[in-house]
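Work through the exercises below with the sequence and the model open. Try each task before you read its solution.

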Amino acid sequence: MQNFSKKIMITGGAGFIGSHVVRLFVNNYPDYLIVNYDALTYAGNLNNLKDIESSANYRFEKGDIQDENLVKELFEKYQFDGVIHLAAESHVDRSILDPLAFVKTNVLGTVNLLNVAKNFWKNDYNGKRFYHVSTDEVYGSLGQEGFFTETTAYDPRSPYSASKASSDHFVRAYHHTYGLPVVVSNCSNNYGSYHFPEKLIPLMINNIVHSKPLPVYGKGDNIRDWLFVEDHARAIDIIFHKGSNGDTYNIGGFNEWKNIDLVHLLCAVMDEKLNRAAGTSAKLIQFVTDRPGHDMRYAIDATKLNKELGWQPSLQFEEGLRKTVDWYLSNEDWIKNVTSGDYQSYYQKQYSDR
Ligand code: NAD
Ligand code: DAU
């Protein structure tokens with residue numbers, strides 16, 4: 001390990017955002033050793049990292065963030081000086097079906113990582129950093145006006161966001177109580193390549209390709225603030241290196257879309273890309289029973305990150321959406337692979353009674 005200037009554990013690196021973060025760090029920092037620690041749940045997929053898997057500064061270790069012995073062993077083996085923690089159960093609808101799984105991974109798993117890092121670093125925190133990747137959903141739901149800032153009071157309203165809020169509190173508690181050098185970011189909805197098709201955008205793309213119904217919850221009035229995933233990964237890079245110890249940064253694209261407007265835009269782009277007559281895909285839209293406790297609006301104020309660390313989104317939404325559609329249309333095998341098996345039974349359970 002002597003040759004690497006930093007040894008970083010990235011948890012959840014086989015997932016959607018994690019794979020983009022791993023790729024960016026492996027490519028941008030050849031002098032860092034990047035260890036991807038991932039349990040490979042239904043959402044984890046090593047095919048997301050084919051292009052960098054044989055890089056000299058990349059390793060994969062399979063394991064659960066709740067496994068204290070294995071995490072300790074890996075700290076000994078690699079002598080980590082940084083952790084970028086993305087591993088989580090991440091889907092709101094699944095948290096409604098099985099909340100306990102979210103408590104186990106998101107709360108207990110995070111506390112286990114904090115504890116091992118604290119004990120391993122033994123109060124010698126020079127050059128160390130624990131970066132916790134979180135979500136804007138911890139702030140609850142907005143009305144028509146206003147934005148979430150870093151000082152907005154927490155008000156989580158789904159089992160997923162409650163578990164992420166709890167993990168954020170533990171991260172800050174380890175900073176205040178033990179001096180652990182932490183940094184936290186809370187990001188809005190991501191979209192882009194390698195996004196698992198249980199989430200809105202890739203689910204709609206996949207259904208349009210197969211001319212299947214497009215299930216829009218409620219009236220489609222809910223609003224999300226969408227950010228291209230590679231812009232999120234870039235923000236994580238900047239915050240990991242330049243963020244202040246103990247601080248929080250909100251990440252978002254100032255890019256709010258009502259779900260139904262987004263689905264219509266996607267339908268228009270897909271009609272064009274698939275050479276279908278205009279209006280073909282929109283005919284597949286079906287309004288279905290709403291998500292219980294469905295948060296109405298998320299919108300992030302990312303001014304602090306822009307002013308203090310100079311980050312800003314690189315892409316306009318329509319450009320990012322077109323790039324995303326192109327990626328899905330040219331990666332049919334990837335989508336076929338992740339939608340076989342378990343995905344079918346999840347889809348059945350989630351959508352058959354709506
Ligand atoms: P994802 O579901 O695509 O990936 C999660 C990854 O974590 C998978 O590779 C999975 O195998 C792994 N994992 C799950 N449980 C594990 C465990 N117990 N031990 C080890 N590995 C485990 O998630 P994502 O969308 O890439 O989100 C990554 C992080 O970013 C999460 O912490 C999420 O809360 C946060 N976040 C996501 C978004 C978004 O729009 N997707 C926005 C803001 C924040
Ligand atoms: O805001 C950040 C969060 O964004 C992340 O923390 C989560 O990990 C991520 O999953 C995402 O949560 P959402 O619940 O906002 O994302 P999802 O893609 O599940 O849904 C987006 C919106 O679309 C939401 O209002 C629900 C709606 N929706 C979703 C699905 C899957 C539908 O109308 N129909 C659907 O089939």
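**Exercise 1. Sort the side chains of strand 6 by direction, and state whether they are buried or exposed.**

Step 1. V182, V184 and N186 point one way from strand 6. V183, S185 and C187 point the other way. In a regular strand the side chains alternate between the two faces of the sheet.

Step 2. Residues on both sides of strand 6 are buried. Buried means under 20% relative accessible area, exposed means over 50%, and partly exposed lies in between (1.4 Å probe, protein chains only).

Step 3. Strand 6 spans residues 182-187, and six of its six residues are buried, so the strand is largely enclosed by the rest of the structure.

Some ground rules apply throughout. This is a predicted model: local features need pLDDT of at least 70, side-chain atom pairs count only at pLDDT 80 or more, and totals for chains, interfaces and linings use all residues. Residues are numbered from 1 along each chain as its sequence is written, chains are lettered from A and ligands numbered from 1 in the order in which they are written, and side-chain values use heavy atoms, with hydrogens and water left out. Helices (H or I, at least four residues) and strands (E, at least two) are DSSP runs, numbered from the N terminus.

**Exercise 2. Find the strands that pair with strand 6.**

Step 1. Apply the criterion: two strands pair if DSSP finds at least two bridges between them.

Step 2. Take strand 5, residues 129-135. Six bridges join strand 5 to strand 6, and the two run parallel. Here H132 stands opposite V184.

Step 3. Take strand 10, residues 248-251. Strand 10 pairs with strand 6 over four bridges, also in the parallel sense. S185 has Y249 as its bridge partner there.

Step 4. Trace the connection. Strand 5, helix 5 (residues 159-178) and strand 6 make a right-handed β-α-β unit. Right-handed means that, with the strands pointing away from the viewer, the path from the first strand over the helix to the second runs clockwise.

**Exercise 3. Describe the surroundings of S185.**

Step 1. S185 lies in strand 6. Its relative accessible area is 0%, so S185 is buried.

Step 2. The side chain of S185 makes a polar contact with the side chain of Y131, at 2.7 Å. A polar contact is a pair of N or O atoms within 3.5 Å; within protein, one must be able to donate a hydrogen and the other to accept it, and residues adjacent in sequence count only if both atoms are side-chain atoms.

**Exercise 4. Which residues and elements surround ligand 1?**

Step 1. Count the shell. 29 residues surround ligand 1, and the closest are I17, D38, S90, Y160 and K164. A residue is near a molecule if one of its heavy atoms lies within 4 Å of it.

Step 2. Assign the elements. Helix 1 (16-28), strand 5, helix 5 and strand 7 (189-191) each supply at least two residues. Strand 5 gives the largest share, three residues.

Step 3. Classify the shell: 13 residues are nonpolar, twelve polar and four charged. Ala, Val, Leu, Ile, Met, Phe, Trp, Tyr, Cys and Pro count as nonpolar, Asp, Glu, Lys and Arg as charged, and the others, Gly among them, as polar.

Step 4. Check the polar atoms. A nitrogen atom of ligand 1 is 3.0 Å from a side-chain N or O atom of D64. An oxygen atom of ligand 1 is 3.1 Å from a polar backbone atom of F16. A backbone N or O atom of N190 lies 2.9 Å from an oxygen atom of ligand 1.

Step 5. Add the cover. The protein covers 96% of the 840 Å² of accessible area that ligand 1 has on its own. Accessible areas come from the Shrake-Rupley method with a 1.4 Å probe; for residues, only the protein chains shown count as cover.

**Exercise 5. Repeat the analysis for ligand 2.**

Step 1. 24 residues surround ligand 2. The closest are D136, Y160, R291, H294 and Y351.

Step 2. Helix 3 (92-97) and strand 8 (214-217) each supply at least two shell residues. Strand 8 gives the most, with three.

Step 3. The shell divides into nine nonpolar, eight polar and seven charged residues.

Step 4. A nitrogen atom of ligand 2 lies 2.8 Å from a backbone N or O atom of P215. Oxygen atoms of ligand 2 are 2.9 Å from a side-chain N or O atom of N259 and 2.6 Å from one of R291. The protein covers 95% of the 690 Å² of accessible area that ligand 2 has on its own.
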